[in-house]
Amino acid sequence: MTVTIVGSQLGDEGKGALVDLWGGDADVVVRYQGGDNAGHTVVEGGEEYALSLVPSGAVRGKVGVLGNGCVVNPRTLFEEIGTLRERGLDPDVRVAKRAHVIMPYHRRIDGIEEGAKADSDSGVEVGTTGRGIGPTYEDKAGRRGVRIGDLLDPEVLRERLEYVVPQKRALVEDVYGLEAGEELDVDALHEEYARFGRRLREEGMVVNCSDFLYERREAGDDVMFEGAQGTLIDVDHGSYPYVTSSNPTAGGAATGTGVGPTVTGRGEVVGVVKGYLSRVGEGPMPTELDGDEREEALASDIREKGGEFGTVTGRPRRIGWLDVPMLRHATRVNGYTGIAVNHLDVLAGLDELKVGHAYELEGEERLSLPATTERWGECEPVYREFDTWEEFDADAVSEGGYEALPGAAREYLEYLEDQLDTPVHAVGVGPDREQTVVRTNPWT
Ligand code: GDP
Ligand code: IMO
Ligand code: MG
């Protein structure tokens, strides 16, 4: 059986916490897209782990796989594994031979292009994490990428680099008029990346992802797919161009691992929902709390209480009310069998509580999202007010179960179940693994 965990909004919904919670019953945890732009937090008995590339199952000692749909920076991968080892974990990470490699020139170009967009007044600056994600996926689609499998064969690696590096050098020097550095030196790159290839091989980390997962499933293993980012920053289904360059949506679990869609589709697909909204980076956010001083103060309270600062970049996250048209869109795109709603503790004790129930666009009310980002930006939220609930003891509530949640919080959740026609499987009432009210375990 499989369980897929997907972000329903703009990333940072608390996917890491849910993968950790339910990953306890899995044997293998697989990332199917993205790279070290992700920042997934796991809190176990007060110990906090911030995972970027290593699948969150590592905290539970599960086998972690980076699927073919991922983009892998070997420098940061080995750094992260080293840090986790220093903290007493022993991550068992496998990397797909078909996954693409983030090279140093991808990071450089990510920064250069973001700078150029910012200078251009074009309004298309994305506010990327600067990890080289977009440029690496561009090279994958452009059929000039370097794959993990290429690192294992020094001759192939040299051929790939000799073709692509002069193009990147021309881009940096001739198009942008900047100076190229070590990141565009074929010999230096070859030396370092062939060494990564040897290390990956020696440590038994490279796999044919599809075969590996097939064999594990044949042996009776349960597989969890860990989505990174979120539906609204999906390159196909999100707020293009303010998106990441991969498919965080549930379909990505099949294409990004080589497990058939009939297999992932027979399993559970759980959407992770933050009880309000946060966004790092540019792009529309109709329910953003930034209208006046009072709204800004409220956003600032929520930001402080919820620790809403980027795990990867430390940027303060933009804050807004829950956007229900966005969630209707996510429910359809991902085909959720259930949702998990986090951060109900952060909403406790507020003076007011609203959700964007619908949008108004050109005098018409609509329940779903326009497909173009410009139109989405013109949408005015139609709010519904909810009763607020008092602060509560997260540990007592997690122990007491769903009925122990404040009545007003249950009303909020039941409104969502009704609007999305999807059951709430779990409710987050704090960052720790134990601070979750579980109603349904997706494995059973
Ligand atoms: P991810 O990228 O989706 O894995 O989410 P992040 O880890 O980037 O951001 C979620 C943040 O909220 C982390 O600091 C989590 O520890 C924390 N968190 C997760 N669930 C809850 C919850 O229910 N309540 C609170 N207060 N924090 C939570
Ligand atoms: P997790 O997995 C939130 C955002 C960036 C930027 C856009 C493109 O922790 O939820 P990129 O570097 O991917 O090219 O940036 O996507 N972004 C995220 N926002 N959570 C993430 O990951 C994100 N990964 C990328 O801020 O707006
Ligand atoms: Mg995150």
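A residue counts as near a molecule if one of its heavy atoms lies within 4 Å of that molecule. By this rule, 19 residues surround ligand 1 and 21 residues surround ligand 2. This is a predicted model, in which local features need pLDDT of at least 70 and side-chain atom pairs count only at pLDDT 80 or more, while totals for chains, interfaces and linings use all residues. Residues are numbered from 1 along each chain as its sequence is written, chains are lettered from A and ligands numbered from 1 in the order in which they are written, and side-chain values use heavy atoms, with hydrogens and water left out.

**Ligand 1**

- The closest residues to ligand 1 are Lys15, Gly16, Gly39, Thr41 and Asp345.
- Polar contacts here are pairs of N or O atoms within 3.5 Å. Asp345 has a polar side-chain atom 2.7 Å from a nitrogen atom of ligand 1.
- Two backbones also make such contacts: a polar backbone atom of His343 is 2.8 Å from an oxygen atom of ligand 1, and one of Gly428 is 3.2 Å from an oxygen atom of the ligand.
- On its own, ligand 1 has 580 Å² of accessible area, and the protein covers 93% of this. Accessible areas come from the Shrake-Rupley method with a 1.4 Å probe.
- Helix H1 (15-23), strand S3 (40-44) and helix H13 (344-347) are the elements that give two or more residues to the shell around ligand 1. Helices (H or I, at least four residues) and strands (E, at least two) are DSSP runs, numbered from the N terminus.
- S3 provides the largest share of this shell, three residues.
- Domain 1 (2-97 + 206-269) and domain 3 (273-438) each supply at least three residues to the shell around ligand 1; the domain bounds come from an automatic or database domain assignment.
- The shell around ligand 1 holds four nonpolar, ten polar and five charged residues. Ala, Val, Leu, Ile, Met, Phe, Trp, Tyr, Cys and Pro count as nonpolar, Asp, Glu, Lys and Arg as charged, and the others, Gly among them, as polar.

**Ligand 2**

- Lys15, His40, Thr129, Gln229 and Thr244 are the closest residues to ligand 2.
- An N or O atom in the side chain of Asn37 is 2.9 Å from an oxygen atom of ligand 2.
- Backbone N or O atoms also lie by oxygen atoms of ligand 2, at 2.8 Å for Gln229 and 3.4 Å for Val126.
- The protein covers 98% of the 550 Å² of accessible area that ligand 2 has on its own.
- Eight nonpolar, ten polar and three charged residues make up the shell around ligand 2.

**Backbone features in loops**

- Tyr240 and Pro241 are joined by a cis peptide bond, with omega about 5 degrees. Pro241 is in the loop between strand S10 (223-226) and helix H9 (252-255).
- Arg143, a residue other than glycine, has a positive phi near 60 degrees. Arg143 is in the loop between helix H4 (133-141) and helix H5 (148-151).

Methods
Polar contact = N/O pair within 3.5 Å; in protein donor to acceptor, adjacent residues only side chain to side chain.
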